[in-house]
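I opened a fresh notebook page for a structure that was new to me. Here is what I looked up, in the order I looked.

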Amino acid sequence: MAQACIGFSTTQRSLCPVSCPQQSIQLLQRSYISSFPSARLPRAQLIFLSKHRASYAPVRCSSNSSGDGESNRRRRPDYIPNRIDDPCYVRIFDTTLRDGEQSPGATMTSKEKLDVARQLAKLGVDIIEAGFPMASPDDLEAVQNIAKEVGNHVDNDGYVPVICGLARCNKADIDAAWEAVRYALRPRIHTFIATSDIHLKYKLKKSRDEVISIARDMVAYARSLGCNDVEFSPEDAGRSDREFLYQILGEAIKAGATTLNIPDTVGYTLPTEFGKLIADIKANTPGIKNAIISTHCQNDLGLSTANTLAGAYAGARQVEVTVNGIGERAGNASLEEVVMAIKCRGIEQLGGLYTGINTQQITMASKMVSEFTGMVVQPHKAIVGANAFAHESGIHQDGMLKFKGTYEIISPADIGLKRADEFGIVLGKLSGRHALRTRLLQLGYDLNGKELDVVFQRFKAVAEQKKSLSSEDLEALISDEVFQPQVIWKLGDLQVSCGTLGLSTGTVKLIGPDGEEHVACAVGTGPVDAAYKAIDSIVKVPVTLLEYSLTSVTEGIDAIASTRVLIRADHGHSSTHALTGKTVERTFSGTGAGMDIVVSSVRAYIGAVNKMLAFQVGPRSQISNKAINVPA
């Protein structure tokens, strides 16, 4: 039997069951139905809403002044693929490693994907969509490694994430997905096919009946392999005919689908539309009580988070998100935004909805994904942007000094971030390891052992040239040392000459994978170009430089320079795009930091080359790398 939603008492701030008069329940039901006419809120949520709607007067979302991210989280319901025993619980399905990696230049190596998956498990996401195994043999192996390690690590509370692989509706894709995820304790296959008229006409060139038949057969095939957890997505559901959606979703449930994902693939719908779509599906799909409804919202109109929350309020109990909101085109619903919105407003506005996320791991997850993908988080990004907890206006600063709740609805500590200025530590050349580690912890980095030693050495070297190091300087050093790909080629020495009197030249010494030193000299249009050409002559892997950007980390002539480059191999690493089925060439990003702009630029270039070389695509699997058409 489903348990009632339990929420915070508005007087004692403790967990307690609540109750309310029948007339209040009816009033709230009418209010909800006015927004989504075809849906009804579960009675447990109505009781919760009625109790807290008028009496709860929040000033700040933080419920965690102690800093213990575990103490205030409610118990996660036992995992059952096609149902959730607590009607208030929302599963978090993270697709950073699949949809997020489809962002241009966001390619990650297998090791980086495994590191991100470990961090997602620390976050406590319910499902990790680890990739599209059919894309390439390397993708299959990366998902397989995640399934074997992360998918088998059970914590003290019995939590272990579901490991999911994406597959188009054809047997080859589903075979690859199952081969990748079957080693996990909780494996899932996620298969999809387009359902909107525009996709049926121009992309699939198939009738509705043909698409229903394919969907039904492929869901059944996935179940026949021994996978008891199958998710089905009607691609472009936001623009699909409702009656057709009800029909194909009903057939998918009959065939064994346990989760029905409703994608707003092109970010077309508005929150009221998407909420009503979820409510209508819940009310009209045959057998819907035997499956979980999920959302997947793209951000083309900047509404992905709003649409996701509207879908959850209307009855979806799984939401698909990515860290930092990365993904195709304008990206996806942001994990941190959706999770913190539910944490912040779930009590009094969303009927008591909650998640199992340990929000204190958000900052580290955001930084890790940003560094590995090379996709910088915009400063004004909600929750994790550099300015999210910054206050420059005099009026705001005055209010913050008097009471933080005047201008902050979320405590930085809730996402694992501490303000450095609260501790009074100024880092310089006389600072020791303990002071450095303390500041790094404040910034969300928990480093020990060799990683801390490496960063400390770089910190000391920079501190000799710079009076004091800011938080931004430290983050640049972290990026340059900790979040780097597997070291294949290492910079030994660098010497350049340039100016108006002659040609620019660059001499580079690299230490190869065998430990031998290699030296080359080249001429270029400038010192960076000359150094890059010298590197190319040593590595002997032709690449094209697609993007180059150089920024100053802080103000001042002694500022650290941060460089980002994007490269593509001329005889490249190809993969199959999940949605289009076309073969695409992968691109690789690299970042570097240093007091010298040429050194910073060279570090970034070597980092990108190392990532490309570490991304091995070889005959480790019998799965073909060629695009496969949807079966007839």
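My entries below go from ring pairs to strands, a surface patch and salt bridges.

**Entry 1: a word on the model**

I noted at the start that this is a predicted model.

**Entry 2: aromatic pairs**

How many aromatic pairs does the structure hold? I found three. I looked up Phe-456 and Phe-459, whose rings form a tilted pair with 6.1 Å from centre to centre and 35° between the planes. I noted the cut-offs here: planes under 30 degrees apart count as stacked and those over 60 as edge-to-face, so an angle in between is called tilted. Both residues lie in helix H15 (residues 449-463), and because they are three residues apart there, about one helical turn separates them. Phe-456 is buried, and Phe-459 is buried too.

I then turned to Tyr-532 and Tyr-605, which form a stacked pair: 4.0 Å centre to centre, with 15° between the planes. Tyr-532 belongs to helix H17 (residues 527-539) and Tyr-605 to helix H18 (residues 597-614), so this pair ties together parts that are 73 residues apart in sequence. I checked burial again, and both Tyr-532 and Tyr-605 are buried.

**Entry 3: charges over rings**

Which ring does the charged end of Arg-74 sit over? I found Tyr-354, with the charged end 3.7 Å from the centre of the ring. I also wrote down Lys-148, whose charged end sits over the ring of Tyr-183, 4.6 Å from its centre.

**Entry 4: strand S12 and its neighbours**

I reminded myself that in a regular strand the side chains alternate between the two faces of the sheet. Strand S12 (residues 504-511) shows this alternation. Ser-504, Gly-506, Val-508 and Leu-510 point to one face and are buried. Thr-505, Thr-507, Lys-509 and Ile-511 point to the other face and are not buried.

Next I followed the pairing of S12. Strand S11 (residues 490-497) pairs with S12 in the antiparallel sense, over seven bridges. I picked out Val-496, whose bridge partner in S12 is Gly-506. S11 and S12 make a hairpin with six residues between them, and Gly-499 in the turn has a positive phi of about 145°.

S12 also pairs with strand S13 (residues 517-524), again in the antiparallel sense, over eight bridges. Here I found Val-508 opposite Ala-520 in S13. These two strands, S12 and S13, form a hairpin with five residues between them, and Gly-515 in the turn has a positive phi of about 85°.

**Entry 5: a nonpolar surface patch**

Which residues make the nonpolar surface patch of about 330 Å²? I listed Leu-545, Tyr-548, Leu-550 and Ile-597. Strand S14 (residues 543-552) gives the most to the patch, with three residues. Ile-597 has its place in helix H18. I looked up the accessibility of Ile-597: at 46% it counts as partly exposed.

**Entry 6: salt bridges**

I kept in mind that side chains of opposite charge can pair when their charged atoms come close. My search of the whole structure gave 36 salt bridges, and I took a few for these notes.

In one of them, the side chains of Asp-236 and Arg-239 meet at 3.0 Å, N to O. Is Asp-236 buried or exposed? Asp-236 is buried, because its relative accessible area is 0%. Arg-239, with 34%, is partly exposed.

Arg-329 forms a salt bridge with Asp-300, and their closest N and O atoms are 2.7 Å apart. This pair links distant parts of the chain, 29 residues apart: Arg-329 is in the loop between strand S10 (318-321) and helix H11 (335-345), and Asp-300 is in the loop between strand S9 (292-297) and helix H10 (304-313). Arg-329 is partly exposed at 47%, and Asp-300 is partly exposed at 31%.

Lys-381 and Glu-336 meet in a salt bridge of 2.8 Å, N to O. Lys-381 lies in the loop between helix H12 (362-373) and helix H13 (394-402), Glu-336 lies in helix H11, and the two are 45 residues apart. I found Lys-381 buried at 8% relative accessibility and Glu-336 buried at 1%.

I closed the page with a network of salt bridges that links Glu-101, Lys-113, Asp-139 and Arg-586.

Terms used
Residues are numbered from 1 along each chain as its sequence is written. This is a predicted model: local features need pLDDT of at least 70, side-chain atom pairs count only at pLDDT 80 or more; totals for chains, interfaces and linings use all residues. Side-chain values use heavy atoms; hydrogens and water are left out. Rings of Phe, Tyr and Trp (its six-membered ring) pair if their centres lie within 6.5 Å; planes under 30 degrees apart count as stacked, over 60 as edge-to-face and the rest as tilted. Helices (H or I, at least four residues) and strands (E, at least two) are DSSP runs, numbered from the N terminus. Buried means under 20% relative accessible area, exposed over 50%, partly exposed in between (1.4 Å probe, protein chains only). A charge sits over a ring if NZ of Lys or CZ of Arg is within 6 Å of the ring centre and within 35 degrees of the ring normal. Two strands pair if DSSP finds at least two bridges between them. Patches are made of residues with over 30% relative accessible area and no salt bridge: like charges are joined within 9 Å, nonpolar side chains (Val, Leu, Ile, Met, Phe, Trp, Tyr) within 5 Å. Accessible areas come from the Shrake-Rupley method with a 1.4 Å probe; for residues, only the protein chains shown count as cover. A salt bridge is a side-chain nitrogen of Lys or Arg within 4 Å of a carboxyl oxygen of Asp or Glu.
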